[in-house]
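This report describes a structure made of protein chains. Please look at the sequence and the model before reading on.

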Amino acid sequence: MWFFVILILVSVLLQVSVTTIPLVLLLFLNAVVVAKKTWIFPIAFLTGLALDILLLNPLGETSLFFVIFLFIILLYDKKFDIQTLPFVFLASFIGSFVYFIAFQISNIFVQSLISAAVATSSFYLLIQLNTFNIKGKARFNEA
Amino acid sequence: MPKKENFTSIFLFFLIFTIIIFAVSKFGFLSLPTSILQKALSPLAGSVFSAFNFFSNENNSAIAKLSDQNSALAKKIINEEILKKENSALADQFATTSVRSQTLLAAKIVGAPSFIPGVSNPQSLIIDKGTKDNIKIGNAVIYKDNLVGKITQSNLYFSKVTLITNPYFSATVKTLRTQAQGVIKGEGGKKIILDNVLQSDDIKVSDVILTKGDQDMKGIGIPPDLIVGKLISVAKKPSNLFQKGEVSSLLDFSNLLTVFVIKY
């Protein structure tokens, strides 16, 4: 849990001062895919507020985006297996794409591709570490 | 297999709560607590930005020096040209020039998110001056007579500067050589698009582009004769209504640490 909080803090700081890639969104996507827990909603809400404050956006804008995005991901979980690399890639690509449009950030397509690559690599890393017992589900037990 | 949690009620709770906060914030009721929180959190973000800037500047110091020299030379050429035109106008007893009563407010950049830090240009800057320092939305932001952008959002302690390279930025401009007028628009990368230049106007590569001036009665807006950049390509097609071109700014926005806001 502490590791997750530190990761959020680092991602927030990087996103407000250094990069336009939505690191926080990608982190929450990985968290919701791996943990599938509802405690992610309040954390996403608070982190969204912090991002809005530091990026001078209207308060609640980012939180609204995060909450709806995570809800859609969890809705997919009812019908499909979301702990797969293709799902993480697609979800992060579409999520980032919509995020860039909503927050008026340019180079949408390239940035979305990079975001998807970042999210998929971090998910792959999580699978390799196998901390959450998802190796078999993500079809990486053949190797 | 772990039992799945019912998340719809939690989602609805946070959705409604967020919408309420968003609505209240849109009407400006939360501006004071937001400003105070931002003031408290910004040193952290500022430190991260400074650290990144320090490492990216180390490699580019020679380029930065050349860029500074280029900028200074361009400024000299423009001043000389303006002086020539003023002399000519005075000699002909036509136009008179008025000294602009403008004050510059130095502002430290505390955030400049870009696609690839240190490589790609940021689209906006967060500066440590806000409405407390009499900054208003629409104020022009400059660095060494070069237009950096304009203030698009502001709270008590901080402001957001939309850069001239941002796709949501546009301004009326003219060329220094022929006074041909046009409109610049950001493209998202390092280049800026010059558009709406009449086919009959004479523009060519390496023309210096200056702002035409776009201020209201209170002086808010972009003053005239600020350097936007140099024309690096021209597209003149007889079938088109207007000429187009690409402009490159003389500034490297990713290496800026301080900018100046023009206050009136």
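## A buried helix and its surroundings

In helix α4(A), the buried residues are E61(A), T62(A), S63(A), L64(A), F65(A), F66(A), V67(A), F69(A), L70(A), I73(A) and L74(A). The model is a predicted one. These buried residues of α4(A) pack against α2 (23–35), α3 (40–55) and α5 (85–102) of chain A, and also against α1 of chain B.

One residue of this helix can be followed further. Setting aside neighbours within four places in sequence, L70(A) is in contact with F28(A), V32(A), I40(A), F41(A) and A44(A). L70(A) also belongs to the largest nonpolar core, which has 94 residues. The residues with the most contacts inside that core are F28(A), L29(A), L70(A) and V228(B).

The table sets out the lengths of two helices.

| Helix | Residues | End-to-end C-alpha distance | Expected span at 1.5 Å a residue |
|---|---|---|---|
| α4(A) | 19 residues | 29 Å | 27 Å |
| α1(B) | 19 residues | 26 Å | 27 Å |

For α1(B), the distance between the end C-alpha atoms agrees with the expected span. Which residues of α1(B) are buried? They are F14(B), T18(B), I21(B) and S25(B). Seen down the axis of α1(B), these buried residues fall within an arc of 60 degrees, so they line one face of the helix. An α-helix has 3.6 residues a turn, so residues three or four places apart point the same way. The face of α1(B) turned away from the buried side carries exposed residues, namely T8(B), S9(B), L12(B), I16(B) and I20(B). The buried residues of α1(B) pack against α3 and α4 of chain A. After α1(B) comes G28(B), which has a positive phi, near 85 degrees.

The contact between the chains can also be counted. Chain B has 37 residues in contact with 29 residues of chain A. On the side of chain B that touches chain A, α1 (8–26) and α2 (31–59) each supply at least two residues. That side of chain B is made up of 23 nonpolar, 11 polar and three charged residues.

Chain B also contains paired strands. Strand β2(B), residues 124–127, runs antiparallel to β1(B), residues 103–111, and two bridges join them. Within this pair, I109(B) stands opposite I127(B). Four bridges join β2(B) to β5(B), residues 159–163, and these strands are antiparallel too. Here L125(B) stands opposite V161(B). From β2(B), S124(B) and I126(B) point one way, while L125(B) and I127(B) point the other way, and all are buried.

How values were computed
Residues numbered from 1 in each chain as written. Chains lettered and ligands numbered in written order. Predicted model: local features only at pLDDT ≥ 70, side-chain atom pairs only at ≥ 80, totals over all residues. Buried ≥ 20, exposed ≤ 12 C-beta atoms within 10 Å, placed from the backbone. Pairing = 2+ DSSP bridges. Contact = placed C-beta atoms within 7 Å. Nonpolar A, V, L, I, M, F, W, Y, C, P; charged D, E, K, R; others polar. Core = buried A, V, L, I, M, F, W, Y, C linked by C-beta atoms within 7 Å. Expected span 1.5 Å × (residues − 1). Arc of directions from axis to C-beta.
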